[in-house]
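Dear colleague,

I am passing on to you the structure that we spoke about, and I would be glad if you could read the notes below with it open beside you.

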Amino acid sequence: MQMEGQQLIPAPQIKVWEALNDPEILRQSIPGCETVEKSSDTEFRASLTAKFGPVKAKFKGHVTLSDLDPPNGYTLTGEGKGGAAGFGKGEAKVSLKEQAGQTLLSYSVNAKVGGKLAQIGSRLVDAAAKKMADDFFKAFSKNVTSSDQNTPLQEPPLDMTDAADLNTVIPREPSKNWLLYIGGASLLIILAVYAFN
Amino acid sequence: MTTETGIGASVRRKEDKRFIIGKGRYLDDINKQGQTYGYFIRSPHAHAKINGFDATEALNAPGVVAVLTGPDMEADGIGPIICGWAITSKDGSPHKAPAHPALAIGHVRYVGHQVALVVAETLQEAKNAAELVDVDYEELPHVVEVGDALAEGAPQIHADVPGNLSFDWELGDRAAAEQAISTAHHVTRMDLRNNRVIPNAMEPRAALSEYDMGTDEITLYTTSQNPHVHRLVLSAFNGVAPEHKLRVIAPDVGGGFGSKIFIYSEETVCAWATKKLNRPIKWTAERSEAFLSDAHGRDHETHAEMAFDAQGKILGFKVSTKANVGCYLSTFASAVPTYLYGTLLNGQYTMPAIYVEVQAGFTNTAPVDAYRGAGRPEATYVVERMIEIGAREMGIDPGEIRKRNFIPPDAYPYETPVIMTYDSGNYALAMDKAQAAIDYKGFEARKAESAQRGKLRGIGYSAFIEACGIAPSAAVGSLGAGVGLWESAQVRFNPTGSVTVFTGSHSHGQGHETTFAQIISDQLGVPIDQVEISHGDTGKVPFGMGTYGSRSLAVGGSAIVKAIDKIVEKSKKIAAHTLEASVEDIEHAHGVFSVAGTDKKMTMAEIAFSAYVPHNYPADVEPGMDETAFYDPLNFTFPAGTHIAEVEIDPETGTTEILDWVAVDDFGNVINPMIVEGQVHGGLAQGIGQALLENCVYDKESGQLLTGSYMDYCMPRADDLPTFRVETINTPCTTNPLGVKGCGEAGAISAPAALMNAITNALGKEIDMPATPEKVWRAAQGL
């Protein structure tokens, strides 16, 4: 699948960059995230539980960074394994831009999924990924701005079932315009964010 | 004799009561003391090398009994999954059937490929542990479509199969067909695609294996259409256990459509592992596993050329087909696109010259094998689309062109150029009846009325023929079959006059318990509720070849008739002794044995009783009334008929409504008209499903199965189907004692061609299956 998006975060670019470097803020902002570990300057490992419609699995992933341009952006490639649920892998480009005292985060993801995620979840993954991304940014924005005031961090929801419901029109045949690689972007978004560490 | 339950009566199905009240015993209803649960780890990749396998964490997880792999099976000497039919290529070389271990060794070759079995105390524990197994895959290039797989430079799927070509087979006279084409008045040329379908039986595949250490016997319950064949193959080829120490039971099975003929990895693994672990193991496929790993059907890419003279008489027919067989050759995968396909390309017509060549290619997809009709729907589609398109191109009425080409009723036995000998038929009669039933003459007026409403109306024929009752053992043996295709029956009278019939046929929805009981009731005068049909258990039935190819009645029913003949012969001796007459003077009709010209008689029940209580009994006759017969047919049977479909298309939405469907089928003699009609309805639903809705799609770029659930794979529902109008004509088969031909597959064989001919007639444009609204809309809009 391919996914692009932008999110305006009500904080200066340098603060967003720093927050993105705070593993605890990230862990608490990412839906279902359990661990974030840095294995080298350009490599990260993470685990999270995600649910795409009927497919729920614990994913373990690793991400490699390239084209690093702090605090403006970079490219990352990553891969996550969800055991029997399948796998997701792909590439994401992320950039930050100052905009009137706030920060515009832009991302574009090109990902593919395999196994049960592709088989059953394919129609759900797009919507679930978008919902996951939305939830992340909502929680992240709150956590970035509230970290000043020492208020408790906002935990994002885990269950993606609602997202699946957004897409319940059941077509009578698969669309011919199947994007060759469906789904999985959520994982990439999350992995993308890890990479700011 | 009670004609209400005899041959020709629409007796309500005896088996339906237990299904309706929820007392059917399907595989998942069966449980064993101390049973464990199996869960298969499957490849998420279309093609990959396995560089590492680590189950350490899983083995320490709660409830886990074992994690078993392909190398474990190999170490125990368990042989690979086999293909049971050897095909010879044009150049004389045998087909290539690469080793197919039941669990992957070193490589995975399709999404869903079985990699390991996790066995645990509960299903949830098995699934949880499966998450902890780390398989290190190295992805390899893949190919999912047969045309691509056979093209130059395609990824190599098996090291020992160059170019992914399993075989390059031919049948017929190439020179004669090409000569006819080069000199004909008109040649119709078309590329046709027979879309890939997924079987979708109501009950998914399942297995429950149990080992008895005391007797050293393995019992395997499995969803099989042919439990004895399962036992034979699992014993002789896989080496799971000696045949006398392996019992295979296929209880109530919820639909097969061919997909449960085959010996699959999962039941092979369960049968082996139960002894290894000394625990019962249960595995029931989830629907998503069924989509991935049940053998799929069809998937042909064909180029055909049909040559006509100026009157529309067929002069020659040449067909080149590429058949996708998936990543391994399944049990009968090689026979389906060859001897079950090429041999039917003669259709109902006189064709002087036919040539067919088939290239079977491996791809990174699930194995493809027999699916309701198995080769014959593919053949019918090619023949009936080609003659219809030929008629359009030449401006001849499609009914008329068929009539000009029909084999006449006095030409039997009729030898075709593609090695079949049709025994009987009356094709024009079926067409006349179908045309009358649908009011063919009134079609133009109906079309005009539709046009006034902005709708496109179309009508389409399918004059199909099939070869059923597979088949004489000597014939199939000469064509490469690894088994004989006879059937067995044991007719056992109990002392009180009730009867148990043990049949090698297997019922998984066909209604054998009723149809077979009707034969007993008719011939031996036993009330139908006193007849029990027992099937599906190798521990009870002597042997059997099972149910597929619409063979149960023609072959299994004929075996019952042969056993009945033995019962009658013996009963005559007992009656002669008891009634003090000579055997030659005993006459038998419907279970009453009488002395000719007198009122002295005995009933079958009295004779059966005396056979078990032989107080006054002939000294030279064995006590008991229990006879077994094996029947090997003399020929295939050749059901045929004409189906006409009438549709209306909304050019604004692309939706196709089937307005009317007339099916006139020649099934020979009919035992139970209601069951026959039900079988025709079911077949039609599947054929219409293929033509209108169903389509299996693998993503070319990722190799993933995109149509892996009911969200993406569209099955026909009641409101997609019209009210079918089904009639039969009854030209008796001349080669079996019941004169029956088989009806189980007819609808699925005939329907796709009829429906696509109707839709393309309405559109005035050729499109491929499935005729989805999007495709139809594009064609209607001229896009």
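The notes that follow go from the model as a whole to chain B, and then to the contact between the chains.

Please keep in mind that this is a predicted model, and that the model as a whole scores ipTM 0.72 and pTM 0.92. For chain B the pLDDT averages 96, with 100% of the residues scoring at least 70.

Chain B is divided by the domain assignment into domain 1 (3–23 + 486–631), domain 2 (31–140 + 202–255 + 260–293) and domain 3 (297–471 + 635–780). Between the centres of domain 2 and domain 3 of chain B, taken over C-alpha atoms, there are 36 Å, and where these two domains meet, 22 residues of domain 2 are in contact with 22 residues of domain 3. On the domain 2 side of that contact, the residues are 14 nonpolar, 7 polar and 1 charged.

For residues 21–141 of chain B, an unreviewed UniProt entry gives the feature "domain: Aldehyde oxidase/xanthine dehydrogenase a/b hammerhead". In the model this span is 17% helix and 29% strand, and the C-alpha atoms at its ends are 51 Å apart.

A sheet in chain B may be a good place to begin looking, since it can be followed strand by strand. Its 5 strands form an open sheet with mixed pairing, in the order S7-S15-S14-S13-S8. Strand S7 (165–172) and strand S8 (186–197) of chain B each have a single partner strand and stand at the edges, so one side of each is left without a neighbour in the sheet. On average, and with direction ignored, neighbouring strands of this sheet are turned by 10° against each other.

At the S7 edge, S7(B) and strand S15 (residues 354–361) of chain B run antiparallel and are joined by 7 bridges; if you would like one pair to find for yourself, B:Glu170 has B:Glu357 in S15(B) as its bridge partner. Helix H6 (residues 174–183) of chain B lies across S7, S8, strand S13 (297–308), strand S14 (314–324) and S15 of chain B, and runs at about 120° to S14(B).

Finally, the contact between the chains takes 21 residues from chain A and 27 residues from chain B. On the chain A side, the elements that give two or more residues are strand S7 (102–114), helix H3 (116–119) and helix H4 (122–146) of chain A, and H3(A) provides the largest share, 3 residues. By class, the chain A side has 9 nonpolar, 6 polar and 6 charged residues.

With best wishes

Technical notes:
Residues are numbered from 1 along each chain as its sequence is written. Chains are lettered from A and ligands numbered from 1 in the order in which they are written. This is a predicted model: local features need pLDDT of at least 70, side-chain atom pairs count only at pLDDT 80 or more; totals for chains, interfaces and linings use all residues. Two strands pair if DSSP finds at least two bridges between them. Helices (H or I, at least four residues) and strands (E, at least two) are DSSP runs, numbered from the N terminus. Axes are lines fitted to C-alpha atoms, for helices over the stretch in contact, and angles run from 0 to 180 degrees between N-to-C directions. Two residues are in contact if their C-beta atoms, placed from the backbone, lie within 7 Å. Ala, Val, Leu, Ile, Met, Phe, Trp, Tyr, Cys and Pro count as nonpolar, Asp, Glu, Lys and Arg as charged, and the others, Gly among them, as polar. UniProt positions are given in the numbering used here, feature names are shortened, and annotations may be inferred rather than shown by experiment. pLDDT is the predictor's confidence in each residue, from 0 to 100. Domain bounds come from an automatic or database domain assignment.
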